[in-house]
Amino acid sequence: MNEQLTNLIVKRTGITQENAQKAVLVVFDFLKTKLPAPIATQLDSFLSGGTTITEQAGGFLKSKVGPVLAGKS
């Protein structure tokens, strides 16, 4: 994932591969500070090809929204 994003940034902006890699790291470090903790702690796994962010976000949302929808809030 990290490599794909880096290559996309290089292609669209024309900046060097090295600078694109730095940009990706900056963005993900920023996201780690803004996302809910259960998701933020999994970003490194996501970037290295682990579980998908959709699976992680789905699990987080299910744990928060599921009880509300079931009337157990």
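Helix α2 of the predicted model comprises 18 residues, and the distance from its first C-alpha to its last is 26 Å, close to the 26 Å expected at 1.5 Å a residue. Three residues of α2, namely Ala20, Val24 and Phe28, are buried. Because these residues cover an arc of only 70° around the axis, they lie on the same side of α2. An α-helix has 3.6 residues a turn, so residues three or four places apart point the same way. The face of α2 turned away from the buried side carries the exposed residues Val26 and Thr33.

Helix α1 gives a similar check on geometry. This helix covers residues 2-13, and its 12 residues should span 16 Å at 1.5 Å a residue. The end C-alpha atoms of α1 are 16 Å apart, which agrees with that expectation. Just after α1, Gly14 adopts a positive phi of about 80°.

Contacts between the two segments were examined from the side of α1, starting with Thr6. Thr6 is found in helix α1 and has a relative accessibility of 2%, so it counts as buried, the cut-off being under 20% relative accessible area. With neighbours within four places in sequence left aside, Thr6 is in contact with Gln17, Ala20, Gln21 and Val24. Two of these partners, Ala20 and Val24, are among the buried residues of α2. Thr6 was also compared in position with Leu25, which lies in helix α2. The C-alpha atoms of Thr6 and Leu25 are 9.6 Å apart in space, with their positions 19 residues apart in sequence. At 48% relative accessibility, Leu25 counts as partly exposed.

Ile9 also belongs to helix α1. Its relative accessible area is 21%, and Ile9 is therefore partly exposed, since that class begins where the buried class, under 20%, ends. Not counting residues up to four places away in sequence, Ile9 touches Gly14, Ile15, Ala20 and Val24. Ala20 and Val24 thus appear in the contact list of Ile9 as well as in that of Thr6. Gly14, another partner of Ile9, is the residue with the positive phi just after α1. The C-alpha atoms of Ile9 and Ala23 are separated by 8.6 Å, the two residues being 14 apart along the chain.

A search of the whole structure returned 2 salt bridges. One of them joins Glu18 to Lys22, with the closest N and O atoms 3.5 Å apart. Both residues lie in helix α2, which covers residues 17-34, and they are 4 residues apart, about one turn of the helix. Glu18 has a relative accessibility of 49% and so counts as partly exposed. Lys22, with a relative accessible area of 45%, is likewise partly exposed.

Asp29 and Lys32 also meet in a salt bridge, through their side chains, at 3.9 Å from N to O. This distance falls inside the cut-off of 4 Å. Asp29 and Lys32 both lie in helix α2 and are 3 residues apart, about one turn of the helix. Asp29 is partly exposed, its relative accessible area being 46%. Lys32 is partly exposed too, with a value of 28%.

Phe30 is placed in helix α2 and counts as partly exposed at 47% relative accessibility. Phe28, in the same helix, is buried. The C-alpha atoms of Phe30 and Ala40 are 9.8 Å apart in space, and the two residues are 10 apart in sequence.

For the protein chain as a whole, the secondary structure amounts to 5 helices and 0 strands, in the order α-α-α-α-α along the sequence. Of the 73 residues in the chain, 15% are buried. Among contacts with a separation of 6 or more, 11% involve residues 24 or more positions apart. The chain exposes about 5300 Å², and carbon and sulfur atoms supply 61% of that area.

Note on methods: Residues are numbered from 1 along each chain as its sequence is written. Side-chain values use heavy atoms; hydrogens and water are left out. The expected span of a helix is 1.5 Å times one less than its number of residues. Buried means under 20% relative accessible area, exposed over 50%, partly exposed in between (1.4 Å probe, protein chains only). Contact means heavy atoms within 4.5 Å. Accessible areas come from the Shrake-Rupley method with a 1.4 Å probe; for residues, only the protein chains shown count as cover. The arc is that of the directions from the helix axis to the C-beta atoms.
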